[in-house]
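The following exercises concern side-chain contacts and solvent exposure in one protein chain. Each task is followed by a solution in steps.

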Amino acid sequence: MVIPEGVLFQTNKAFGTVKKELLERFNVHTILSLPTGIFLPYSGVKTNVLFFDRNGSTSDIFYYEVNPPYKLTKNKPIKHEHFKEFLNVWEKRALTDNSWIVHVNDIKAFDISAKNPNNIEVIEHKLPIELMENIKDNNREINALLDEIETILVGKDIDV
């Protein structure tokens, strides 16, 4: 089943009830996260493909995130090669930088959206004094460039 990304993370009563039913009455074994623009020019919405069967309830979900090396447009669509790794790892549920498994007990409020734990963004927190010095350095560089532009304009006898 192909669905918009929003359906997976929305937790209001209607969406929550449907996802609860889906997880309890079906085995949602795989969620394939497709990149934004997959259906351009008709829709730019990020979508997912849910794979499920009637073999019991969901115990864990294998996620795979398709990451083409470029932004998708109507002139640069997704290609079969972008699914190659997924097709190689799917049956064995092998873990890669683009795949991971989430146990159903770790799902909060029936949010089953694809959040790749392998893509953790490291944020460098600087001390306020370091930030202040960076701002001052940037301002000095801007002022030097403005002085240079002013010199060029004055040299060409243009009113500043």
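**Exercise 1. Charged pairs in a helix**

Is Glu21 buried, partly exposed or exposed? Establish this for the predicted model, then characterise the salt bridges of helix H2 that involve Glu21 or Lys20.

Solution.

Step 1. The relative accessible area of Glu21 is 37%. Buried requires a value under 20% and exposed one over 50%, so Glu21 is partly exposed.

Step 2. The side chain of Glu21 forms a salt bridge with that of Arg25, with an N to O distance of 3.2 Å. This lies within the 4 Å cut-off.

Step 3. Glu21 and Arg25 are four residues apart in helix H2, and about one helical turn therefore separates them. Arg25, with a relative accessible area of 54%, is exposed.

Step 4. Helix H2 spans residues 13-25 and also holds Lys20 and Glu24, four residues apart, or about one turn. Their side chains meet in a salt bridge at 3.2 Å, N to O. Lys20 has 35% relative accessibility and is classed as partly exposed; Glu24 is likewise partly exposed, at 44%.

Step 5. In the whole structure, the search returns five salt bridges. Among them is the bridge between Asp111 and Lys115, at 2.7 Å, N to O.

**Exercise 2. An aromatic cluster**

Which residues form one aromatic cluster with Phe51? Describe the ring pairs Phe51–Trp90 and Tyr64–Phe86 by their geometry and their place in the chain.

Solution.

Step 1. The search of the whole structure finds six aromatic pairs. In one of them, Phe51 and Trp90, the ring centres are 5.4 Å apart and the planes enclose 45 degrees, a tilted arrangement.

Step 2. Phe51 belongs to strand E3, whereas Trp90 sits in the loop between helix H3 (84-89) and strand E5 (99-103); the pair therefore ties together parts that are 39 residues apart in sequence. Phe51 is partly exposed at 25% relative accessibility, and Trp90 is partly exposed at 28%.

Step 3. For Tyr64 and Phe86 the centres are 5.3 Å apart and the planes stand at 50 degrees, so this pair is tilted. Tyr64 lies in strand E4 (residues 60-65) and Phe86 in helix H3, so the pair links distant parts of the chain, 22 residues apart. Both Tyr64 and Phe86 are buried.

Step 4. Phe51, Tyr64, Phe86 and Trp90 together make up one aromatic cluster.

**Exercise 3. The surroundings of Phe52**

Which residues does Phe52 touch, leaving aside those up to four places away in sequence?

Solution.

Step 1. Phe52 is located in strand E3, residues 47-53. Its relative accessibility is 33%, which means that Phe52 counts as partly exposed.

Step 2. Beyond four places in sequence, Phe52 is in contact with Met1, Leu22, Phe26, Asn27, Val28 and His29.

Step 3. Asn67 is 15 residues from Phe52 along the chain, and their C-alpha atoms are 23 Å apart.

**Exercise 4. A histidine in a loop**

Where is His82 placed, and which backbone atom does its side chain reach?

Solution.

Step 1. His82 occupies the loop between E4 and H3. With a relative accessible area of 12%, below the 20% limit, His82 is buried.

Step 2. The side chain of His82 reaches the backbone nitrogen of Lys79, at 2.9 Å.

Step 3. Leaving aside residues up to four places away, His82 touches Val66, Pro68, Pro69, Tyr70 and Pro77.

How values were computed:
Residues are numbered from 1 along each chain as its sequence is written. This is a predicted model: local features need pLDDT of at least 70, side-chain atom pairs count only at pLDDT 80 or more; totals for chains, interfaces and linings use all residues. Side-chain values use heavy atoms; hydrogens and water are left out. Helices (H or I, at least four residues) and strands (E, at least two) are DSSP runs, numbered from the N terminus. Buried means under 20% relative accessible area, exposed over 50%, partly exposed in between (1.4 Å probe, protein chains only). Contact means heavy atoms within 4.5 Å. Rings of Phe, Tyr and Trp (its six-membered ring) pair if their centres lie within 6.5 Å; planes under 30 degrees apart count as stacked, over 60 as edge-to-face and the rest as tilted. A polar contact is a pair of N or O atoms within 3.5 Å; within protein, one must be able to donate a hydrogen and the other to accept it, and residues adjacent in sequence count only if both atoms are side-chain atoms.
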